[in-house]
Amino acid sequence: MDLFSAIDTEPIRQRMEFLAEELDRLNYEYYMNDRSLVSDEEFDGMMRELQDLERQYPELASPLSPTKRVGGEVNKSFRQVEHRFPMLSLGNTYSIEEIEDFEGRTRKLLDGIPFTYTCELKYDGVAIGLTYRHGKLVQAVTRGNGRVGDDITLNAKTIPTIPLTLRGEYPDDFEARGEVVYPFEAFNAMNVQRESEGEEPFANPRNAASGSLKLQDSAECAKRKLMFCMYFMMAPDGVSLPDTHFGRLEWAKQMGFKVQPYIQECKDIDEIKAFIDYWDHARWNLPFGIDGIVIKVNQTPLWDRLGLTAKSPRWAIAYKFKAERVSTPLESISYQVGRTGVVTPVANLKPVWLGGTTVKRATLVNADFIARMDIHIGDHLFIEKGGEIIPKVVGVDMDKRSEGSMPVQYIVCCPECGTPLVRVEGEAGHYCPNADGCHPQIIGRLEHFVGRKAMDIESLGSERLELLYKVGLVKNVADIYDLKREQLIGLGSGSVEENKASTGGTIQEKGADNLLAAIEASKQVPFERVVFALGIRYVGEVGAKKLARYFKNIDALMDAEESELAQVEDVGEVTARAVHDWFACEEHRGVIARLKAAGLQMNVELGSQSAELEGMTFVVSGVFERFSREDIKADIERHGGKVSGSVSSKTTYLLAGEKMGPEKLKKAEKLGVKILTEQDYLQMTAQ
């Protein structure tokens, strides 16, 4: 008998069940009833304990454990699933007259049968269907084309308002439908974070929610803090549901679904109009986006009588709000310079109320956008919000254009340092090439370097960096590691032209110690994040990771030729040229030398690396059962092998998963490269 089988796991199973039930209860109270019954620390402690137990006793773990809310599982491909019940679209209208026609037509078809309507919000998100059997979530599917959608179950489990296990009484088999929305607070916080890390902000919550549901790593989806709002229940024949739509939603609330309270039963067209009119104005006070109102016949037995058209039901219709648009004068255009030198024109507008906020500025994107819109000096611009959080310029109010006004001429020199701007062929924007002498670029790079996803030096905020730069202590990222305690204490309290008119605040002894401790801790940040922190143009977080894993150390990366850089997966010719040119700069190489001397991680940490695959080069293609693509590449490197992005005469093996690219297979066969299956690889590495 082995040791594990001799262990009595019953107490462990009971503890895991208790933790799961308690975490589910606390989640329900927090997300459904807005009640926090324990501290975050206590909740996190229980979650960690359950995660630890599930790792130790995986055979006791439930597939619907609350730990799934955290994510971490990787979906290597989104399987296409046929809907049991087609997900029909509703007929849309922007016209109150068409709502009146719908209401009159419905009364005529029902010919005196008494009925009412439900009016509810039309969420501006992504429609999904959730299948429950015996009170357990078994599948989540996107709308897709209405007949077939993507299986997003792993990501759906991370959304707190999707119950994994139902409460109270429930049908044995049914489907809950609703919309996944991105609440404004979470959306704005994510955009602030993305901008601080040098990434493009999301354009709007709807697109961001859609993209989040298709992330391969469910842990990343969990970070997005999405919300599911249920609006529909349906079941196969033989399963009993309430005979009103309103009653079904009330029952869904008792099961544990997030059903928004903004639903009203209406008896006639006047009440429908009043509901529409109210929410056309009140929608801006909601914590999430809506783009209209849905009207349904409330009595579900009447739905069959009313029937369907080819695309939509006759018992429901959606009224869509018109995107709110205003015209306001363009007072001036300012030009912002980002950390990579890209110049963004911004319209400074006469303040105007739009979509619940006062709008003073809107991006003009680039020179092509200004020319395409034919914007003149002194024009009145049309601004829209609609479902967007960020206001956008959608046109020129030609009726208000002054006679003889002149077209806007895009600037030719950097507004900060005066350097002539450059526009690379094939790119939309202009940029300032004076990377090491342009103030906003320098500060932007410093802010990027200390950001959370880079070196994570929390004590260095933008104001403090500005102060250190102005007094001459920090001119580039390597200077951060030369800072001394005596230089920092008292900084910001005056002198040296009042610390160059600093707004960074005085640094006390404790603040200096904390800052130096944070700088010291950053020396343990992995090499791939160091590469990202350098702020090389076009190199994002994923690209930095792939470059680091491919070259393994800073010297190999610095000395790589453009052609070799372009061989790295997902690193194209433009990025390869940018990386090569960055490292070709002697000043940058000097910064790297100083960072190495300071003790930053300049090699990939391979953990318990073996030499089993030393001297072998692998190309990985397809989908694998046991590994994600990134995991199997990391595993190859841990065993001493090298991973390449393309098949060549230097390739030792093509590691082939399901759905691999035919071109790589064809090239491997032509060159005589040996092809391995996942099982071959596991045997080779004795796993």
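Tutor: For side-chain classes, Ala, Val, Leu, Ile, Met, Phe, Trp, Tyr, Cys and Pro count as nonpolar, Asp, Glu, Lys and Arg as charged, and the others, Gly among them, as polar.

Student: Cool. So what classes of residue line the largest cavity?

Tutor: Its lining has 7 charged, 4 nonpolar and 2 polar residues. A cavity is a set of 1 Å grid points where a 1.4 Å probe fits but cannot get out, and lining residues have an atom within 4 Å of a point. This is a predicted model, where local features need pLDDT of at least 70 and side-chain atom pairs 80 or more, while totals for chains, interfaces and linings use all residues. Residues are numbered from 1 along each chain as its sequence is written, and side-chain values use heavy atoms, without hydrogens or water.

Student: Which lining residues lie nearest its centre?

Tutor: K546, Y550, E569, K633 and V643, out of 13 in the lining. Helix 18 (541-551), helix 23 (629-638) and strand 18 (642-644) each give two or more residues to that lining. Helices (H or I, at least four residues) and strands (E, at least two) are DSSP runs, numbered from the N terminus.

Student: New topic: where does T652 lie?

Tutor: T652 is in the loop between strand 18 and strand 19 (653-656).

Student: And why does T652 count as partly exposed?

Tutor: Because its relative accessibility is 26%, and partly exposed falls between buried (under 20%) and exposed (over 50%), using a 1.4 Å probe and protein chains only.

Student: What does T652 touch?

Tutor: Leaving out residues up to four places away in sequence, T652 touches G615, M616, T617, V673 and K674, with contact meaning heavy atoms within 4.5 Å.

Student: Last one: what's the mean pLDDT?

Tutor: The protein's mean is 87, and 93% of its residues reach 70 or more; pLDDT is the predictor's confidence in each residue, from 0 to 100. Over residues 494-504, though, pLDDT stays under 50.

Terms used: 1 Å grid on protein atoms, 1.4 Å probe; cavity = no way out; pocket = protein on both sides within 12 Å on 5 of 7 lines; lining within 4 Å.
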